[in-house]
Structure formats: C-alpha cells, structure tokens
Amino acid sequence: MTTPLEAAYAPDAFRTTAHALMDQLADYLKAALKGGDMPVLPWAPPSVNQERFAAPFPEEPSAEPAGAFAHLMARVLEGSHHLHHPRYVGHQVTAPLPLAALCDGVSSLLNNGMAVYEMGPIATAMEHHVLAWMASRLGLPDTTRGVLTSGGSAGNLTALLAARQAKAGFDAWNGGAHAGPPLTVLVPRSAHYCLARAVRIMGWGEGGLTPVDVDASFRVRPDALEGALQGALRQGRKPIAVVASAGSTATGAFDPLEPVADFAREHDLWFHVDGAHGAAASLSAKYRARVKGIERADSVVWDAHKGLLMPALVTAVLFRDGARSFDAFSQEAHYLFHGDDARPFSDVGLRTLECTKEMMALKLYTCLSVLGTRLFEEAVTASYDQAQAFAGMLTAAPDFQLALPPDCNIVCFRHTPAHVPPDGWDALQVRLREALVTSGKFYLVQTRLPEGVYLRTTLIHPLTRDADLEALLETLRGAAKP
C-alpha cells in the first residue's frame with residue numbers, strides 16, 4: 001500500500017499534475033498578454049485576501065490532490081498581480097520570460113544549494129559564465145569576478161562590505177565597526193534607500209552616508225563631491241567610497257560616471273556603481289553611452305530581474321579585482337569550507353550573504369543560450385525608445401507635465417487639467433493613481449520630487465505598446481473629470 005509520503009513523490013502523479021499546470025499557465029499567459037478585460041491588479045484590501053485564504057490545513061491529504069492543486073492555482077492566478085499585462089507600467093520588476101519561469105521549476109525541484117561547489121556543480125559553472133558575460137558587456141577587465149545574490153539591496157551591501165575591508169585601514173570584519181575611525185560613503189541624494197540601510201547595517205549610523213548634491217536632472221554634481229568629502233572629514237569621518245547611480249530609482253537618472261571615477265582615483269576611494277536598473281543600457285548600441293565610465297568601477301551591481309527579463313531575484317555583484325569578492329564575508333565555516341589558503345571561487349558561499357542559494361544562474365544562462373543575446377539588446381533599446389516616445393506624447397499634451405526628459409525607461413509626469421489649480425495637483429495625482437490601481441485598468445506608481453507629487457511609470461514590459469500609453473493618458477483624463 002502506498003503511503004501518503006510515497007504518493008507525494010510519485011513521478012507519474014507529478015507528470016499528470018505538471019502537464020495540467022502547464023496548460024493552466026499557458027492559458028493564463030495568453031489572457032494576460034492580451035490584456036482585454038483582465039485587470040492588471042485585481043484589487044482587494046489586505047483583510048479581504050487574508051479572509052479568502054484563511055483555512056485550516058487538513059491533517060490528511062486531499063482525496064483528489066491534482067484537482068485540489070489545480071483549483072488552488074486557479075485562485076492564485078486570478079487574484080495575483082498580473083505583471084504580464086501590457087498595462088503594467090509600475091515598479092522595476094519585469095514581465096519575466098516564460099522560459100526563465102520554467103527554469104525556476106527545475107531549480108526548485110533539484111534544490112541545489114550553492115554554498116560549496118559539490119552542492120551545486122552545474123549552477124556554479126553557469127554562474128561563472130553568466131557573470132563573465134555581464135562583465136564583458138560592461139567593459140570590465142578579465143580580472144573581474146563576482147557573485148549572484150538576492151536583489152539589489154543585498155548586492156549593494158555586499159559591495160560596500162568589500163569596500164570597507166579594502167579601504168577602512170583596519171579589519172572591521174573581525175574587529176568591528178569601532179576598531180578604527182568612523183567611516184562614511186559619499187552617495188548622491190537621489191540614490192536608492194538601500195544604501196542608507198546598508199551603512200546602518202554595518203554599524204556606521206546615520207553619518208555613515210554622506211549625501212552629495214544632485215542637479216536639476218537628479219544626476220550627481222561632480223563639483224559637489226569635494227565639498228561632501230571635506231564636510232565628512234570635518235565631522236571626524238573617514239570617507240572610503242563614492243557611489244554613483246546608473247539609473248536611479250526615482251527618475252531613472254544616470255550619474256556622470258567618468259568624473260566620479262576621476263574623483264575616486266584622485267582621493268583613493270572605492271568607486272561603486274549601483275547599476276541595478278541601468279547597467280542593462282550597456283547591451284544597447286544606441287544607449288550604451290549612458291554608462292560610459294562604468295568600466296572603471298571597483299564594483300557594480302546589476303539586476304537581471306529588471307532589464308534582462310528574469311524572474312526576481314537575480315542580482316550580479318561584480319568586482320573589478322576578483323579577489324576583492326572575498327573581502328565582503330571573511331569568516332571560516334569548517335563544516336563547509338576547508339582552509340583559508342585556497343579560497344576557491346567555486347565555493348560561492350565564501351562570497352555571498354546566502355549560504356543555501358537557489359540556482360540563480362540557470363534561468364539567465366538558459367535564456368542567453370536558447371534565445372540568444374540579441375533579444376536582450378533589442379528589449380533594452382525598445383524600452384528606452386518607448387520612454388522617449390512617451391515623453392514626447394506628454395510634452396505635446398497641454399494638460400500633462402513631464403518632470404524631466406527620461407534617461408532610460410522610467411518616466412515621471414503629472415496630469416494638470418485646467419479645472420484643478422496648481423495647489424491641488426499633488427492631491428490629484430494621488431487620487432488618480434488610487435483610482436486607476438483599484439479599478440485594475442493600469443498599474444503605475446508615484447514619487448515625490450522637489451516640485452511635488454508625480455506619477456511614475458517604468459516601461460519594463462516588452463510588449464507594452466504606444467497605444468497602451470495613449471490609453472493611460474485618456475484614462476487619467478477621465479478619472480480627473482469633476
């Protein structure tokens with residue numbers, strides 16, 4: 001007699017369930033990509049969804065496990081946020097390639113953790129080659145090595161930990177944050193909040209981040225770097241690094257990387273580029289100049305779940321001097337790693353926050369191998385082109401205001417109808433976003449810039465069309481009518 005545990009692992013039952021699931025997912029994908037009457041986000045308050053999925057977990061398995069699974073997945077698909085809908089223009093999380101999603105299933109079934117080579121031999125080899133390809137596209141030297149990790153926040157923390165070990169002048173990893181003078185990092189005011197979080201995690205407190213002024217286009221001002229450095233020194237802080245953004249989160253602005261690199265070299269600072277969003281510009285012949293100077297960085301973060309159409313989370317942390325990748329995490333774990341002398345690159349756990357890490361490289365390696373690199377080049381160029389076209393559409397409309405010309409595929413704007421006075425524009429943008437999101441017609445976000453509240457779109461879905469953006473403006477006009 002088959003036990004419930006044996007039945008749960010039965011290959012034939014898995015085959016039947018998986019085939020049915022593939023049909024279910026393909027039907028869902030077809031409907032989502034078409035858009036139509038499907039809401040982008042089937043809005044429901046948190047309490048409603050908590051109630052919908054409140055149920056006691058049974059002690060015994062379902063009498064019809066395949067049917068119960070299909071029913072549950074139907075509910076999940078129906079109620080989730082539909083990022084494959086062409087009118088999803090919200091956060092910097094892409095509509096992932098279906099082929100990559102299949103790889104996630106393979107990764108989950110194999111469950112090859114990657115702390116040491118023997119636990120993930122194939123994934124380790126794939127990660128090496130994926131990172132080498134990314135480094136080559138950025139123009140980094142052959143000495144570059146790195147790791148894949150769980151998102152830009154973890155990636156930026158990893159890079160700054162390495163910068164600390166390389167430039168602090170003392171062993172902060174073993175001696176602690178107070179084993180030497182207080183440290184700080186020069187960071188543009190427009191940078192992602194995870195950098196401020198990283199310095200606090202490292203025990204540096206608020207002063208661990210020294211803000212650098214940005215210009216009217218939200219790009220760091222190179223002429224403000226010296227003043228920021230001197231200000232930090234007057235406060236008793238030792239600057240060890242300078243950070244630049246390649247595609248900032250709020251507006252998509254690209255900092256001028258070359259003068260920042262010059263400043264870092266002049267002052268012997270670690271030069272880190274947060275390219276989580278914008279490093280993908282390096283793939284586009286048309287927009288590659290946006291990241292000119294990134295090849296001079298000591299470290300770069302690049303999210304594949306943004307410009308490279310991967311499911312979240314896949315973030316590359318690349319180090320110009322590959323040996324520096326060991327500086328972020330320096331301790332020994334004798335049950336995993338055997339001796340400090342060799343420090344093999346094949347034992348990924350020596351260099352990442354994660355110990356057990358999924359086969360992150362599998363999906364990117366597979367898509368690069370099967371679909372080819374040109375697909376990604378064209379996707380980046382098309383999304384940046386579309387942002388330029390959308391900006392033109394907004395500029396031509398008398399009742400819309402473009403915040404600034406877009407550097408990438410992030411566009412900030414606001415609706416300014418004649419019947420609403422300027423002092424009511426902020427409240428209007430908030431109301432409009434809520435109306436569109438809760439109706440399910442579009443999903444977009446908002447941001448606050450010095451002039452006030454703006455609507456913010458990330459044109460990250462490769463199948464969003466200009467007609468969808470024209471419809472967005474018409475829908476906003478309709479929602480704003482008195």
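## Helix H10 and the seven-stranded sheet

In this predicted model, helix H10 (residues 225–234) lies across strand E2 (183–188), strand E3 and strand E4 (238–245). H10 runs at about 150° to E3; axes are lines fitted to C-alpha atoms, for helices over the stretch in contact, with angles from 0 to 180 degrees between N-to-C directions. Contact means heavy atoms within 4.5 Å. Helices (H or I, at least four residues) and strands (E, at least two) are DSSP runs, numbered from the N terminus.

The open sheet of seven strands has the order E1-E7-E6-E5-E4-E2-E3 and mixed pairing, where two strands pair if DSSP finds at least two bridges between them. Strand E1 (145–149) and strand E3 (209–212) are the edge strands, each pairing on one side only. Neighbouring strands of this sheet are turned by 20° against each other on average, direction ignored. Within the sheet, strand E6 (residues 299–303) and strand E7 (residues 315–319) are antiparallel and share five bridges. Trp 302 has Ala 316 in E7 as its bridge partner.

## The four-stranded sheet and helix H16

An open sheet of four strands follows the order E8-E9-E11-E10, with antiparallel pairing. Strand E8 (400–402) and strand E10 (445–449) each have a single partner strand, so one side of each lacks a neighbour in the sheet. The twist averages 40° from one strand to the next.

E10 is joined to strand E11 (residues 452–458) by five bridges, and the two run antiparallel. Arg 448 stands opposite Val 453 in E11. Helix H16 (residues 466–480) lies across E8, strand E9 (410–415) and E11, at about 30° to E9.

## Helix H7

Helix H7 covers residues 152–167, and its end C-alpha atoms are 22 Å apart. This agrees with the span of 22 Å expected for 16 residues, taken as 1.5 Å times one less than the number of residues. Of the 16 residues of H7, 13 are buried, so the helix is largely enclosed by the rest of the structure. Buried means under 20% relative accessible area, exposed over 50%, and partly exposed in between (1.4 Å probe, protein chains only). H7 is followed by Gly 169, whose phi is positive, near 90°.

## Leu 97

Leu 97 is in the loop between helix H4 (65–79) and helix H5 (98–110). Its relative accessibility is 14%, so Leu 97 counts as buried. Not counting residues up to four places away in sequence, Leu 97 touches Leu 309, Met 310, Cys 367, Leu 371, Leu 375 and Phe 376. Leu 97 and Gly 440 are 343 residues apart in sequence, with 23 Å between their C-alpha atoms.

## Basis of the values

Residues are numbered from 1 along each chain as its sequence is written, and side-chain values use heavy atoms, leaving out hydrogens and water. Local features need pLDDT of at least 70 and side-chain atom pairs count only at pLDDT 80 or more, while totals for chains, interfaces and linings use all residues.
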